[in-house]
Amino acid sequence: MARRPYPQEVDRFKWWIADPHFNRPFYLDYMARESTCIFIALYAILFVWGLGALASGPEAYAGFIGAMQSTGGVILQLVILAFAVYHTVTWFILAPQGMKPMRMKDGKRVPAGRVVQALFAMWAGATVVTLLLVWVLIP
């Protein structure tokens, strides 16, 4: 008669906090990073709402802009921005682990730190270009 394996009981919703067998800081970081997608989705909903208001006419768009310029709207946008920055930074740091190793001309691997630095440099460059375009295009 074969022994049945012991099924370890794991809480479906708190496994990343309660189970002592898991590496808690790693899983807390993982869950924090993954929960930021809620705020990214919220921003996408706000964006679609703004496009709908823009398509509905000047009065609807003025109401949307008024709502976004109110104290609650500004606080909501700042919270979304903070979570979006956290989401971006953590994914940039993880990027070298999920990509095929890059090789230089001499055959050596590109260090992971260089990949992260390049991602942050491109992010900073895109931010500067965007701000310059906004500054030039909006009187």
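Begin by selecting Val-110, which lies in the loop between α4 (71–98) and α5, and keep in mind throughout the tour that the model on screen is predicted. Val-110 counts as partly exposed because its relative accessible area is 23%, and buried would mean a value under 20%. If you show what surrounds it, leaving aside neighbours within four places in sequence, you will find Val-110 in contact with Met-102, Arg-103, Met-104 and Val-115.

Next, add Pro-96 to the selection and draw a distance between C-alpha atoms: Val-110 and Pro-96 are 14 residues apart along the chain, and their C-alpha atoms are separated by 9.6 Å. Keep Pro-96 selected and move the other end to Gly-113, which is placed in helix α5 (residues 112–137). Here the C-alpha atoms are separated by 8.2 Å, with Gly-113 and Pro-96 standing 17 residues apart along the chain. Is Gly-113 buried or exposed? Neither word fits, because its relative accessible area of 39% makes Gly-113 partly exposed.

Now zoom out and colour the whole chain by secondary structure, where you will see five helices and zero strands, following the pattern α-α-α-α-α when read along the sequence. Switching the colouring to confidence shows a mean pLDDT of 87 for the protein chain, with 88% of its residues reaching 70 or more. Confidence is lowest in helix α1 (residues 15–18), at a mean of 64, and highest in α3, at 95, so that α1 deserves a more cautious reading. Of the 139 residues in the protein chain, buried ones make up 13%, and among contacts between residues at least 6 apart in sequence, 44% join residues at least 24 apart.

From this overview, go to the interior and select Leu-46, Ala-53, Phe-64, Met-68 and Ile-80, the five residues of the largest nonpolar core. The elements that give two or more residues to this core are α2 and α3. In soluble globular proteins, nonpolar side chains tend to be buried together. Within the core, centre the view on Leu-46 and, again leaving aside neighbours within four places in sequence, look for its contacts with Phe-64, Met-68, Leu-76 and Ile-80.

For the last stop, display the largest pocket, which has a volume of about 290 Å³. Which residues line the largest pocket? Select Tyr-43, Leu-46, Phe-47, Gly-50, Leu-51, Leu-54, Tyr-61, Phe-64, Ile-65, Met-68, Gln-69 and Gln-77 to bring the lining into view. Two or more of these lining residues come from each of α2 (24–56) and α3 (58–69), and α2 gives the most, with six residues. If you colour the lining by class, nine residues appear as nonpolar and three as polar, while none is charged. Leu-46, already visited in the largest nonpolar core, is also one of the residues that line this pocket.

Definitions and conventions: Residues numbered from 1 in each chain as written. Predicted model: local features only at pLDDT ≥ 70, side-chain atom pairs only at ≥ 80, totals over all residues. Heavy atoms only, no water. 1 Å grid on protein atoms, 1.4 Å probe; cavity = no way out; pocket = protein on both sides within 12 Å on 5 of 7 lines; lining within 4 Å. Points joined across faces, edges and corners; volume = space filled by probe spheres on them. Helix = DSSP H or I, 4+ residues; strand = E, 2+ residues; numbered from the N terminus. Nonpolar A, V, L, I, M, F, W, Y, C, P; charged D, E, K, R; others polar. Core = buried A, V, L, I, M, F, W, Y, C linked by side-chain atoms within 4.5 Å. Buried < 20%, exposed > 50% of the residue type's maximum accessible area, 1.4 Å probe, protein only. Contact = heavy atoms within 4.5 Å. pLDDT = per-residue confidence, 0-100.
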